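Please work through the following exercises on side-chain contacts and surface exposure. Each task is followed by a solution in steps.

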Amino acid sequence: MEFHSPEATKGRHSFYGHDDTALRNGKYRIRTLLELTIHALHTKARRELRAVIEPADNQVLRRTVNNPFEAPGLPCWKRRIEL
């Protein structure tokens, strides 16, 4: 996980190249927070949390398709359109 300095983002932290409003607003707030948590954990805990999240991610992948109009640099859960 890479947070840019506040100076680099005009006072806002950045996650995946986007400001921290993604953490406060929007449809994918929970999944973004989970990803932040995953990156903050040690290897074993990270692997365990990913195992818990994986079924939900797979369900989202089954119910959605890739949105070709979204920026390629966004996390995968933000580049999906519900069917």
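The exercises below concern a predicted model.

**Exercise 1.** Determine which residues are joined with R31 into one network by salt bridges that share partners.

*Solution.*
Step 1. Within helix α2 (residues 29-40), R31 and E35 are 4 residues apart, about one turn of the helix. Their side chains form a salt bridge with an N to O distance of 2.9 Å.
Step 2. R31 also forms a salt bridge with D57, where the closest N and O atoms are 2.9 Å apart. This pair links distant parts of the chain, since D57 belongs to helix α3 (residues 43-63), 26 residues apart from R31 in helix α2.
Step 3. E35 meets R50 in a salt bridge of 3.8 Å, N to O. Because E35 lies in helix α2 and R50 in helix α3, this pair ties together parts that are 15 residues apart in sequence.
Step 4. Through shared partners, R31, E35, R50 and D57 are thus joined into one network.

**Exercise 2.** Classify R31, E35, D57 and R50 as buried or partly exposed.

*Solution.*
Step 1. Buried requires under 20% relative accessible area. R31 has 13% and is therefore buried; E35, at 5%, is buried as well.
Step 2. D57 has 24% and is partly exposed, and R50, at 38%, is also partly exposed.

**Exercise 3.** Identify the ring over which the charged end of R31 sits.

*Solution.*
The ring is that of W77, with the charged end of R31 4.6 Å from its centre.

**Exercise 4.** Which residues form a nonpolar patch on the surface?

*Solution.*
Step 1. The patch consists of V65, I81 and L83, with about 280 Å² of accessible area together.
Step 2. V65, in strand β3 (residues 64-66), is partly exposed, with a relative accessible area of 36%.

Notes: Residues are numbered from 1 along each chain as its sequence is written. This is a predicted model: local features need pLDDT of at least 70, side-chain atom pairs count only at pLDDT 80 or more; totals for chains, interfaces and linings use all residues. Side-chain values use heavy atoms; hydrogens and water are left out. Patches are made of residues with over 30% relative accessible area and no salt bridge: like charges are joined within 9 Å, nonpolar side chains (Val, Leu, Ile, Met, Phe, Trp, Tyr) within 5 Å. Accessible areas come from the Shrake-Rupley method with a 1.4 Å probe; for residues, only the protein chains shown count as cover. A salt bridge is a side-chain nitrogen of Lys or Arg within 4 Å of a carboxyl oxygen of Asp or Glu. Helices (H or I, at least four residues) and strands (E, at least two) are DSSP runs, numbered from the N terminus. Buried means under 20% relative accessible area, exposed over 50%, partly exposed in between (1.4 Å probe, protein chains only). A charge sits over a ring if NZ of Lys or CZ of Arg is within 6 Å of the ring centre and within 35 degrees of the ring normal.
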